[in-house]
Amino acid sequence: LNPDFLPRTRCSARGPQAGRMSASTPMFDVIVVGGGPAGLRAMDRLLQAGCSVRLLEARDRVGGRVCSEATAADPDSYVDLGAQWLAETGQDALAELAERFQYETTKTFKSGNDVVWTASGDKQVVDDANGALSFWTKLDMLYIIMRFPQFADMDRPLRGNEAFEDMSVSDFVDQVGWTQSGKALALDTMQGAFCADTNTVGVFSAAYSSRSLGSMAAFSGADCYYFQAGLGNLLKDYAGTFAEHIQLSTEVKTIDHSSSPVVITTVSGEVFTAKQVVMAFPPQLLNRVEFTPPLANELQRSIDAQVLGQVVKLIAEYETPWWREKGFSGSVRSPNKFVHEVADVSSGTAGVLAAFITGPAAPAAAALPVEELQRQFEEFVHETFGSDGEPLKKLHFHNWIGDQHTLGAYASWPGVGIWKLHPNGYFHTEGPVHFAGTEYAKKWMGYIEGALQSGGEVAERIQKIFEATAAQEPKQVV
């Protein structure tokens with residue numbers, strides 16, 4: 001990973017190392033745990049509201065599941081090892097952030113022929129990947145996908161559809177689909193969207209996620225733009241505007257919210273206190289924090305049943321985008337090959353392909369040595385675009401599945417039957433403990449936009465708590 005991130009910063013008032021409160025223990029209005037997009041947005045909004053805030057991040061960098069790395073060809077051009085895209089419309093928070101820091105976007109290249117590898121192993125070169133599908137397959141797939149949003153209310157997820165609560169995505173697709181080809185296409189699409197085995201993801205996760213995007217058009221345009229300067233660098237610049245409030249390489253060990261203030265202890269023994277706490281990191285990592293009192297039973301059960309995202313993203317850098325000269329768009333759909341999907345995300349003068357392995361095949365691929373990943377990827381590229389292309393210059397890769405600060409990417413999802421534990425919404429506030437992240441978003445769930453919006457919503461909720469508390473305090477008589 002690119003080590004050139006924010007320097008490690010510390011509070012001016014350091015807490016004791018003994019793991020317990022003292023007169024010198026630093027006190028804040030809010031402690032934010034996690035320096036990904038949700039944590040950064042929550043912190044920004046709370047600082048703007050005049051709150052005293054400290055952000056604690058376990059990594060030695062900010063960005064969470066977003067990380068940029070310079071290309072070998074041009075140190076001013078970057079590739080993103082994690083989340084990357086900006087949608088064509090609807091992702092206002094991310095678009096505003098890009099405009100604020102003057103980050104230009106590049107439209108994902110889609111001119112030329114797509115390649116589709118069929119289930120029988122045949123290669124089809126078509127004007128549009130969807131053009132290789134029969135009319136009935138496309139109709140069936142669209143019907144299945146469009147059925148999902150009907151089963152989710154953003155505030156009351158079950159909404160009278162309890163009969164579906166114990167169904168997986170695969171169960172639902174099998175029940176409502178008409179054709180085997182349509183069902184297979186729908187499952188491939190959902191596996192790519194969730195980066196997880198569709199047998200393990202609850203149907204309400206798909207319904208809720210689909211509803212959060214607003215429309216099929218939003219989903220189809222979600223990979224429209226990317227950043228030549230790197231989305232990870234955009235978040236780094238964002239964090240740089242309040243770097244003095246960020247403490248890196250600091251992992252939280254315990255949170256005692258049994259009384260006010262909340263007491264936060266780190267693995268190294270530092271102690272902080274705060275009126276409110278924001279947990280802004282993936283829900284599967286919440287088990288690493290010891291809460292006193294323990295989290296509510298429905299929250300703990302949800303954490304234990306969380307379906308981890310399974311994806312391997314390979315960024316292949318070439319001297320030029322040579323496949324364009326051969327008439328290819330760089331877009332590939334190959335659910336039964338080593339690589340399942342490919343897109344052209346060329347940066348600067350370099351040719352760059354982003355390749356994805358998703359679902360059950362991803363953990364085994366992630367465990368391979370980088371040399372073997374490269375060998376199998378190059379074999380796939382030669383088979384797909386021809387063996388007369390340029391040699392690979394560099395393969396960029398980060399193992400998000402093995403990363404102990406994520407345990408998967410790009411998001412995690414509630415398992416089968418979990419939504420019934422949350423009739424009033426997923427992961428409500430637990431006293432002074434709040435949850436922020438793309439997994440909890442009501443808009444663009446599973447995307448960076450969702451993380452930003454979730455962080456902003458939590459900050460607004462905390463501001464209202466402070467305002468209500470201030471209104472109840474007795475006024476001084478002069």
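This passage goes through the overall build, the nonpolar cores and the cavity of a predicted model.

Starting with the big picture, the protein has 478 residues, and 56% of them are buried. Its secondary structure adds up to 13 helices and 19 strands. Take the contacts with a separation of 6 or more: 75% of these come from residues 24 or more positions apart. As for the outside, about 19700 Å² of the protein is exposed, with carbon and sulfur atoms supplying 50% of that area.

Next come the cores. The largest nonpolar core is made of 53 residues, and the ones touching the most other members are Phe148, Ile255, Ile264, Met279, Leu286 and Phe435. Ile264 makes a handy example. Leaving aside residues up to four places away in sequence, Ile264 touches a string of others, including Ile31, Leu56, Val252, Phe272 and Val277. Its partners also include Thr254, Glu270 and Thr273. A second core, separate from this one, has 37 residues, among them Val32, Leu234, Val278 and Ile448.

Finally, there is the matter of empty space. The structure holds one cavity of 30 Å³ or more. The volume of the largest cavity is about 40 Å³, and its lining consists of Tyr78, Val79, Asp80, Gln84, Tyr226, Phe227, Val345 and Ser347. Two elements each give two or more residues to this lining, namely strand E4 (78–80) and strand E8 (225–227). E4 gives the most, with three residues. Sorted by character, the lining of the largest cavity has five nonpolar residues, two polar ones and one charged one.

Conventions: Residues are numbered from 1 along each chain as its sequence is written. This is a predicted model: local features need pLDDT of at least 70, side-chain atom pairs count only at pLDDT 80 or more; totals for chains, interfaces and linings use all residues. Side-chain values use heavy atoms; hydrogens and water are left out. On a 1 Å grid over the protein atoms alone, a cavity is a set of points where a 1.4 Å probe fits but cannot get out, and a pocket is an open set with protein on both sides within 12 Å along at least five of seven lines; lining residues have an atom within 4 Å of a point. Grid points are joined across faces, edges and corners, and a volume is the space filled by probe spheres set on the points. Helices (H or I, at least four residues) and strands (E, at least two) are DSSP runs, numbered from the N terminus. Ala, Val, Leu, Ile, Met, Phe, Trp, Tyr, Cys and Pro count as nonpolar, Asp, Glu, Lys and Arg as charged, and the others, Gly among them, as polar. A nonpolar core is a set of buried Ala, Val, Leu, Ile, Met, Phe, Trp, Tyr and Cys residues joined through side-chain atoms within 4.5 Å. Buried means under 20% relative accessible area, exposed over 50%, partly exposed in between (1.4 Å probe, protein chains only). Contact means heavy atoms within 4.5 Å. Accessible areas come from the Shrake-Rupley method with a 1.4 Å probe; for residues, only the protein chains shown count as cover.
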